Amino acid sequence: MSTTNKEMTPLFTRFSSERLTIKNRTVMAPMTRGFSPNGVPGADVRTYYKRRAENNVGLIITEGTGIDHPASISGDTIPLFYGEKPLEGWKEVVKAVHEAGGKIVPQLWHVGMARNIGDVPNKDALPIGPSGLDFSGSKVTESMTEQDIHDVIEAFAKAAADAKRIGFDGIELHGAHGYLIDQFFWQQTNQRSDRYGGDLVSRTRFAQEIIAACRKAAGDDFPIIFRFSQWKMSDYKAKLAETPQELERFLKPLHEAGVDIFHCSTRRFWEPEFEGSDLNLAGWTKKLTGKPVISVGSVGLDGVFTSYDEAGTASLDGLLTKLETDEFDLAAIGRALLHDPAWVEKVRTGRTDELEAFQKDSLHQLY
Ligand SMILES: Cc1cc2nc3c(=O)[nH]c(=O)nc-3n(C[C@H](O)[C@H](O)[C@H](O)COP(=O)(O)O)c2cc1C
């Protein structure tokens with residue numbers, strides 16, 4: 001293997017944590033692609049992930065995949081994480097990535113109220129959410145019952161067990177961006193008066209029970225990554241935690257429930273999260289929990305998610321400094337890697353002049 005460019009060393013040291021080791025600090029961010037007809041990832045999806053592993057991505061987090069609940073996703077090209085054919089497809093993806101020397105975890109997803117009535121693949125399944133409220137606060141469906149909550153927790157746990165059975169290296173729970181788990185965190189969408197609602201800490205109970213159920217189903221050695229965000233698809237300026245103290249109260253129960261790695265989703269990784277410190281959301285999360293963290297948001301690009309417009313390339317100096325000072329442990333790369341499967345290998349070997357701008361047309365094919 002050609003040598004690693006010296007300047008890039010902070011991105012290419014080994015990562016080691018209690019349940020997961022990764023050959024370097026690069027992570028492919030989860031990105032929904034919609035190339036899995038009837039929910040089954042096929043040969044093109046397999047090659048897409050394999051190409052990233054061949055080009056030295058340390059850990060791949062798959063696109064969001066629907067857990068075994070009728071209303072978990074909307075769209076019939078979004079991959080599923082249940083049923084014989086989808087799981088067989090995923091098993092082949094895992095095999096291909098492992099053969100290429102990479103590691104891979106599935107992102108387990110339930111969209112909750114971010115689903116319209118009548119959406120495929122299960123047109124009759126009504127959207128579910130803690131209080132049946134959409135993001136504008138309108139009542140769309142009834143609040144989830146205790147049985148609904150139980151069913152969803154069981155579906156996440158079953159997915160965790162299946163992930164382990166078919167060879168994945170761990171799981172990522174999608175607790176970010178305003179989808180179901182996040183709808184429980186967020187007061188606007190969670191107005192329950194039972195034990196799943198209430199203050200910020202009580203609103204983490206649903207997530208805590210999912211994490212604990214996944215741990216029980218997949219065993220003590222299986223890594224659990226938890227993705228969360230302050231921002232929502234419906235509101236980029238939203239904040240779950242206004243202060244470090246609030247963030248600590250939010251994270252502690254999740255940490256205690258069994259999270260191994262927090263994936264702190266921001267749109268620009270260099271932005272300080274709270275006044276008075278340069279630490280970003282991942283930096284604060286690491287400081288407050290002592291757990292390893294993944295940072296994300298416009299790595300290598302000068303335009304922010306989610307405009308999907310073209311974004312030019314940007315210097316990696318700021319990222320390297322933050323890794324070097326241990327502000328965070330791992331860096332997830334989204335659009336840059338969607339566009340260019342060789343992004344990590346080009347960076348590793350110092351070929352930064354070969355990095356390309358992100359084109360929105362890249363969304364229409366699987367490079
Ligand atoms: C096409 C596309 C699909 C995405 N789908 C998901 C998803 O399924 N789950 C998720 O947590 N984030 C998703 N994201 C957000 C990315 O994981 C990432 O956080 C975001 O793109 C910021 O990183 P970047 O600036 O490096 O692109 C998606 C982003 C893009 C561009």
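The legends below accompany several views of a predicted model of a protein chain with a ligand.

**Figure 1. The whole protein chain, with its ten helices and ten strands.** The radius of gyration is 19 Å, close to the 21 Å that the globule rule gives for 367 residues, so the protein chain is as compact as a globular protein of that length. Along the principal axes, its C-alpha atoms fill a box of roughly 55 × 50 × 40 Å. Buried residues make up 49% of the 367. If we take contacts between residues at least 6 apart in sequence, 74% of them join residues at least 24 apart.

**Figure 2. A close-up of the ligand and the 23 residues around it.** Look here for A29, T32, G64, G334 and R335, the residues that come nearest. Two elements, β4 (59-66) and α9 (335-339), each supply at least two residues of the shell. By character, the shell divides into eleven nonpolar, nine polar and three charged residues.

**Figure 3. Helix α3, residues 146-165, from end to end.** At 1.5 Å a residue, its 20 residues should span 28 Å, which agrees with the 29 Å between its end C-alpha atoms. Just after α3 comes G167, a residue with a positive phi of about 100°.

**Figure 4. The buried residues of α3 and the elements they pack against.** I149, V152, A155, F156, A157, A159, A160, D162 and A163 are the buried residues to find in this helix. An α-helix has 3.6 residues a turn, so residues three or four places apart point the same way. The packing partners of the buried residues of α3 are two helices, α2 (84-99) and α5 (205-218), and two strands, β5 (103-109) and β6 (171-174).

Conventions:
Residues numbered from 1 in each chain as written. Predicted model: local features only at pLDDT ≥ 70, side-chain atom pairs only at ≥ 80, totals over all residues. Helix = DSSP H or I, 4+ residues; strand = E, 2+ residues; numbered from the N terminus. Rg over C-alpha atoms; globule rule 2.2 N^0.38 Å. Buried ≥ 20, exposed ≤ 12 C-beta atoms within 10 Å, placed from the backbone. Contact = placed C-beta atoms within 7 Å. Near = placed C-beta within 6 Å. Nonpolar A, V, L, I, M, F, W, Y, C, P; charged D, E, K, R; others polar. Expected span 1.5 Å × (residues − 1).
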